[in-house]
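User: Could you take a close look at one part of this model for me, the way its helices pack and what sits around them? I would enjoy one connected walk through it.

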Amino acid sequence: MKLKLLIALKLDSLVVAMTSVLFGTQLILYPHILQTYKIYTLIRELFDNTAIGLAFIILGLLKIIGIVINNRTIKYVSIRGLLFLWLVFFIAFLISPPPNTVWVYSLAMVILATGSAYKEG
């Protein structure tokens, strides 16, 4: 019962964390995503695919660890780091040609991360 309650209370945080880990893993495993797709032009100019992938993975895992061990500092730092990363991606996808819908996905992640950060104070 305790696990079900934890999942129910932290669902938004867990979704952001797990999606971030998966997203970061994809960026590392498939570097051509950042290197060839036009909508990643701004991101490609700012970040190396391995570095940005690792940032998503590390912060996502830290968020999960923070939830499991109930460490306020780890949760606080990791969700704000993830919020920053998703915000950068949201803005880059929104303003990058050609027109695309990926910014909507990133906006959803920003909203989930913001809600999680707000709940954690």
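Analyst: With a relative accessibility of 27%, Pro31 counts as partly exposed. In this predicted model, Pro31 belongs to the loop between H2 and H3. Its C-alpha atom is separated by 9.5 Å from that of Gly53, and the two residues are 22 apart along the chain. His32 is in helix H3, which covers residues 32–36. His32 is partly exposed too, because its relative accessibility is 40%. From His32 to Asn49 the C-alpha distance is 9.0 Å, with their positions 17 residues apart in sequence.

Gly53 and Asn49 both belong to the H5 side of the contact between H2 and H5, so let us turn to that pair, since H2 is roughly antiparallel to H5. Their axes come within 7 Å and cross at roughly 155 degrees; an angle over 145 degrees counts as roughly antiparallel. The crossing of H2 past H5 is left-handed. On the H2 side, the contact residues are Ser13, Leu14, Ala17, Met18, Ser20, Val21, Phe23, Gly24, Thr25, Leu27 and Ile28. They meet residues of H5 including Asn49, Ile52, Gly53, Phe56, Ile57, Gly60, Ile64 and Ile67. By class, this contact between H2 and H5 has 14 nonpolar, 8 polar and 1 charged residues.

Ile67 deserves a short stop. This residue is found in helix H5, and it counts as buried because its relative accessibility is 4%. Ile67 and Ser20 both take part in the contact of H2 with H5, yet their C-alpha atoms are 15 Å apart in space, with 47 residues separating them in sequence.

Ile67 also appears in the contact between H5 and H6. Those two helices pack at an angle of about 145 degrees, their axes 8 Å apart, and H5 passes H6 in a left-handed crossing. From H5 the contact is made by Ile52, Ala55, Phe56, Leu59, Gly60, Leu62, Lys63, Gly66, Ile67 and Ile69. H6 brings Ile74, Lys75, Ser78, Ile79, Gly81, Leu82, Leu85, Trp86 and Phe89. The residues of this contact of H5 with H6 divide into 13 nonpolar, 4 polar and 2 charged.

The loop between H5 (49–69) and H6 holds Asn70. Phi of Asn70 is near 55 degrees, a positive value in a residue other than glycine. Most residues other than glycine have a negative phi. Asn70 counts as exposed, because its relative accessibility is 56%.

Back on H2, the partner to consider next is H7. H2 (residues 11–29) and H7 (residues 102–120) pack at an angle of about 135 degrees, with 9 Å between their axes, and they are therefore oblique to each other. Their crossing is left-handed. On the H2 side, Asp12, Ser13, Val15, Val16, Thr19 and Phe23 make the contact. Tyr105, Met109, Leu112, Ala113, Gly115, Ser116, Lys119 and Glu120 do so from H7. This contact of H2 with H7 comprises 7 nonpolar, 4 polar and 3 charged residues.

Several of these names come back among the aromatic rings. Ring pairs link Phe23, Tyr40, Phe56, Trp86, Phe89, Phe93 and Tyr105 into a cluster. Phe23 of H2 and Tyr105 of H7 are part of the H2 and H7 contact, while Phe56, Trp86 and Phe89 take part in the contact of H5 with H6.

The count of aromatic pairs comes to 10. One of them joins Phe90 and Trp103: the ring centres are 6.3 Å apart and the planes stand at 50 degrees, so the pair is tilted. Since Phe90 lies in helix H6 (residues 72–95) and Trp103 in helix H7, this pair ties together parts that are 13 residues apart in sequence. Phe90 is buried, because its relative accessible area is 13%, whereas Trp103 counts as partly exposed at 28% relative accessibility.

The loop between H6 and H7 is where Pro98 lies. There is a cis peptide bond from Pro97 to Pro98, with omega near -10 degrees. Most peptide bonds are trans, which makes this a nice spot to look at in the viewer.

How values were computed: Residues numbered from 1 in each chain as written. Predicted model: local features only at pLDDT ≥ 70, side-chain atom pairs only at ≥ 80, totals over all residues. Heavy atoms only, no water. Axes fitted to C-alpha atoms, helices over the stretch in contact; angles between N-to-C directions. Parallel < 35°, antiparallel > 145°, perpendicular 65-115°, else oblique. Left-handed = near helix turned anticlockwise from the far one by under 90°. Contact = heavy atoms within 4.5 Å. Nonpolar A, V, L, I, M, F, W, Y, C, P; charged D, E, K, R; others polar. Phe/Tyr/Trp six-rings, centres within 6.5 Å; stacked < 30°, edge-to-face > 60°. Buried < 20%, exposed > 50% of the residue type's maximum accessible area, 1.4 Å probe, protein only.
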